Amino acid sequence: MQEIANHASLAHAFVARAGGTIYFALLPPSANAEATTRLAQAATQILNSVSPAGGDTTLLFASPALKRALRVSDGHAGPGINVGCSSRSDLPLMHRLKSAFDPQNIFAPSRII
């Protein structure tokens, strides 16, 4: 992850917890279109590298522009993102659970847990 962030010239920070959870943040120098493009490319590379290794990822915070670039808001995020990821085997269960508690899709529309 650090190598990907360095290659994209993005500052980054991480915290590793004893239980195996890693929090990794990409920190752009500014909020402009070029930075969003670099963020999206780096995030996609990171997410694509975690999934084949058997890991799960969750996008905790992102600007609306970055979410659009990663297609998070439409429920079709790329591989490895826990928001609408079609490669997850538990996706149908997550859809049923969300429908049970939010049948009108009011809370976080088009998002899965």
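**Notebook: contacts, core and glutamine 2**

I began with the contacts (heavy atoms within 4.5 Å) in the protein, and among those with a separation of 6 or more, 35% are between residues 24 or more positions apart. I note that this is a predicted model, in which local features need pLDDT of at least 70 and side-chain atom pairs count only at pLDDT 80 or more, while totals for chains, interfaces and linings use all residues. Residues are numbered from 1 along each chain as its sequence is written, and side-chain values use heavy atoms, with hydrogens and water left out.

I then looked up the secondary structure, taken as DSSP runs numbered from the N terminus (helices H or I, at least four residues; strands E, at least two), and found four helices and two strands, in the order α-β-β-α-α-α from the N terminus on.

For burial (under 20% relative accessible area, exposed over 50%, partly exposed in between; 1.4 Å probe, protein chains only), I noted that 29% of the 113 residues count as buried.

I next turned to the largest nonpolar core (buried Ala, Val, Leu, Ile, Met, Phe, Trp, Tyr and Cys residues joined through side-chain atoms within 4.5 Å), which has 13 residues, and those with the most contacts inside it include Leu10, Leu26 and Leu39. Helices H1 (2-7), H2 (33-50) and H3 (64-70) are the elements that give two or more residues to this core, and H2 gives the most, with six.

Last, I checked glutamine 2, which lies in helix H1 and is partly exposed, with a relative accessible area of 39%. Leaving aside residues up to four places away in sequence, glutamine 2 touches His12, Phe14 and Phe24.
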